[in-house]
Amino acid sequence: MFTHVPLEYYLILSGILFTIGSVGVVSRRNAIVIFMSIELMLNSVNLTLVAFSQQLGNPDGQIFVFFIMALAAAEAAVGLAIVLAVFRLKKTANVDEINILKW
């Protein structure tokens with residue numbers, strides 16, 4: 001009933017997702033888009049961990065995924081709060097225009 005998907009397909013998809021996230025972090029200047037790109041990179045790592053966990057029959061990778069998901073949720077909450085606070089102060093979410101920490 002179910003067909004077996006080779007491990008390489010998951011790794012290729014994970015690599016593509018990580019590359020898209022990396023390009024988003026490097027090329028975009030909007031803080032919200034950068035956070036979404038980081039989330040995409042974290043999810044690609046999750047996909048790799050689950051794929052190897054399934055391939056090896058060891059649940060350790062899936063346990064790590066839960067910790068990464070908790071970290072991503074905390075990062076999203078704290079990051080969004082910081083972006084909102086900076087937006088209220090500077091009226092922009094462009095990271096090039098935000099220089100609050102400079103002397």
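This passage describes the fold, the helices and selected residues of a predicted model.

The protein contains three helices and zero strands, and the pattern read along the sequence is α-α-α. The radius of gyration is 17 Å, well over the 13 Å that the globule rule gives for 103 residues, so the protein is more spread out than a compact globule. Along the principal axes, the C-alpha trace spans about 60 × 25 × 25 Å. Of the 103 residues, 20% are buried. Among contacts with a separation of 6 or more, 49% are accounted for by residues 24 or more positions apart. The exposed surface of the protein amounts to about 7,700 Å², and 72% of this area is supplied by carbon and sulfur atoms. Positive and negative side chains number 6 each, and the centres of the two sets are 19 Å apart.

Helix H2 covers residues 31-56. Its 26 residues should span 38 Å at 1.5 Å a residue, and because the end C-alpha atoms are 38 Å apart, the expected and modelled spans agree. The buried residues of H2 are Ala31, Ile34, Ser37, Met41, Ser44, Asn46, Ala51 and Ser53. These buried residues pack against two elements, helix H1 (7-27) and helix H3 (60-90).

Helix H3 has 31 residues, for which a span of 45 Å is expected at 1.5 Å a residue. The end C-alpha atoms of H3 are 44 Å apart, which agrees with that expectation. Gly61, Val65, Ile68, Ala72, Gly79, Val83 and Val86 are buried in H3, and the packing partner of the buried residues of this helix is H2. Just after H3, lysine 91 adopts a positive phi of about 60°.

Individual residues illustrate the relation between H1 and H2. Serine 44 is placed in H2. Its relative accessibility is 1%, and serine 44 therefore counts as buried, the cut-off for this class being under 20%. Apart from neighbours within four places in sequence, serine 44 is in contact with Ser14, Leu17 and Phe18. Isoleucine 16 is located in H1 and, with a relative accessibility of 44%, counts as partly exposed. Isoleucine 16 and serine 44 are 28 residues apart along the chain, and their C-alpha atoms are separated by 8.4 Å.

Leucine 47 is also a residue of helix H2. The relative accessible area of leucine 47 is 21%, so this residue is partly exposed; the buried class requires a value under 20%. When residues up to four places away in sequence are not counted, leucine 47 touches Tyr10, Leu13 and Ser14. Ser14 is likewise among the residues in contact with serine 44. Leucine 47 can also be related to valine 65, which is one of the buried residues of H3. The two positions are 18 residues apart in sequence, with a C-alpha to C-alpha distance of 8.5 Å.

Two further residues of H1 were examined. Tyrosine 9 lies in this helix and counts as exposed because its relative accessibility is 56%, the exposed class being over 50%. The C-alpha atoms of tyrosine 9 and alanine 51 are separated by 9.6 Å, with the two positions 42 residues apart along the chain counted as their separation. Alanine 51 is one of the buried residues of H2.

Valine 25 is likewise found in H1. At 27% relative accessibility, valine 25 counts as partly exposed. With neighbours within four places in sequence left aside, valine 25 is in contact with Ile34, Ser37, Ile38 and Met41. Ile34, Ser37 and Met41 are listed among the buried residues of H2. Valine 25 and phenylalanine 87 are 62 residues apart in sequence, and the distance between their C-alpha atoms is 19 Å.

Conventions. Residues numbered from 1 in each chain as written. Predicted model: local features only at pLDDT ≥ 70, side-chain atom pairs only at ≥ 80, totals over all residues. Heavy atoms only, no water. Helix = DSSP H or I, 4+ residues; strand = E, 2+ residues; numbered from the N terminus. Buried < 20%, exposed > 50% of the residue type's maximum accessible area, 1.4 Å probe, protein only. Contact = heavy atoms within 4.5 Å. Rg over C-alpha atoms; globule rule 2.2 N^0.38 Å. Areas by Shrake-Rupley, 256 points an atom, 1.4 Å probe, with all protein chains shown as cover. Lys, Arg positive; Asp, Glu negative; His and termini not counted. Charge placed at Lys NZ, Arg CZ, Asp CG, Glu CD. Expected span 1.5 Å × (residues − 1).
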